Amino acid sequence: MTEDSTRGNTQRLARLAAALADDLDAGFPHLVSALQDGIYSGALRLTGDRTAAEDVTQETFLRAYAALGTYPVAKVQSLKLREWTWTIALNLCRNRARAQRRRPESPWQDPAGASDPAPGPEQTALAAADRERLAHHLSRLTWTTRAAVVLRHVAGLSYAEIAAALGRPPGTVRSDVHRGLQRLRAFLEEEP
């Protein structure tokens, strides 16, 4: 993201926070429209499962709506909506991961699902294999490193937004992203 587009998104979300403070029911669909694709994409990479990502996305917005209804107007107006919403989504993904560790299910699934219908069968198979390999290696990273990499390179959040969502210092987040990318490269290089 460029600095101008980041500033534009920040201003748009600040206006949206004001609209939510003014009329939650009228403004909330706009919040969902603005953030749902990014939340779903990030949750898909963090959970590795389409159904789980859909559940996390829906639950994120259900919890956001419930919380916004209880906040005073001044707090809603001052919210950094993207970071705040991602904090909810990350907590849901983390809780889901903890629950799965207690009762393991199936191995990591291809989070991309069906491919673009335009490529031929060979390209489709190669792309699916690449996505599956990357998803497998991504799942080998620690939770905080994986979350930082996904938020930066899948969801497109800035380091400051990631730091706010994860509750970690920006320098630590930069290190997590850098370390995560290095580990992914090393995993890929280890392959035969």
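Q: Which residue caps the N-terminal end of α3?
A: This is a predicted model: local features need pLDDT of at least 70, side-chain atom pairs count only at pLDDT 80 or more, and totals for chains, interfaces and linings use all residues. Numbering starts from 1 along each chain as its sequence is written, and side-chain values use heavy atoms, with hydrogens and water left out. A polar contact is a pair of N or O atoms within 3.5 Å; within protein, one must be able to donate a hydrogen and the other to accept it, and residues adjacent in sequence count only if both atoms are side-chain atoms. At α3, a side-chain oxygen lies 3.2 Å from the backbone nitrogen of T51, and the capping residue is D49.

Q: In which helix is confidence highest?
A: pLDDT is the predictor's confidence in each residue, from 0 to 100. Its mean over the chain is 84, and 81% of residues reach 70 or more. Confidence is lowest in α6 (residues 121-139), at a mean of 69. The highest value, 95, belongs to residues 50-70, helix α3.

Q: Over which residues does pLDDT stay under 50?
A: Where pLDDT is low, the predicted coordinates should not be read in detail. The stretch in question has five contacts beyond four places in sequence; contact means heavy atoms within 4.5 Å. It covers residues 113-117.

Q: How many helices does the chain have?
A: Helices (H or I, at least four residues) and strands (E, at least two) are DSSP runs, numbered from the N terminus. From that end, the elements run α-α-α-α-α-α-α-α-α. Strands number zero, and the helix count is nine.

Q: How far apart are the end C-alpha atoms of α3?
A: The expected span of a helix is 1.5 Å times one less than its number of residues. For the 21 residues of α3 that gives 30 Å. The model agrees, with an end-to-end distance of 31 Å.

Q: What arc do the buried residues of α3 cover around the axis?
A: Buried means under 20% relative accessible area, exposed over 50%, partly exposed in between (1.4 Å probe, protein chains only). In α3, the buried residues are A52, A53, V56, T57, T60, F61, A64, A67 and L68. They sit on the same side of α3, because the arc, taken from the directions from the helix axis to the C-beta atoms, is only 165 degrees.

Q: Which exposed residues does the face of α3 turned away from its buried side carry?
A: An α-helix has 3.6 residues a turn, so residues three or four places apart point the same way. The face of α3 opposite the buried side carries Q58, L62, G69 and T70.

Q: Which backbone oxygen does the side chain of T60 reach?
A: T60 lies in α3 and counts as buried because its relative accessibility is 0%. Leaving aside neighbours within four places in sequence, T60 is in contact with I39, T85, I88, A89 and L92. Its side chain reaches a backbone oxygen at 2.6 Å, that of V56.

Q: How many of the eight residues of α8 are buried?
A: The buried residues of α8 (residues 159-166) are Y159, E161, I162, A163, A165 and L166. Their cover includes α5 (81-102), α7 and α9 (170-190). Helix α8 is largely enclosed by the rest of the structure, because the buried count is six.

Q: Which residue with a positive phi follows α8?
A: Its phi is near 70 degrees. The residue after α8 is G167.

Q: How far apart are the C-alpha atoms of V149 and R174?
A: V149 lies in α7 (residues 143-153) and is buried, with a relative accessible area of 6%. Its contacts, leaving aside neighbours within four places in sequence, are L138, V154, D176, V177, G180, L181 and L184. R174 is in α9 and is partly exposed at 48%. V149 and R174 are 25 residues apart along the chain, and their C-alpha separation is 9.3 Å.

Q: Is S78 buried or exposed?
A: S78 is in α4 (residues 73-78). Its C-alpha is 8.2 Å from that of A18, 60 residues away in sequence. At 55% relative accessibility, S78 counts as exposed.

Q: What share of the chain's 192 residues is buried?
A: Among contacts between residues at least 6 apart in sequence, 70% join residues at least 24 apart. Buried residues make up 39%.
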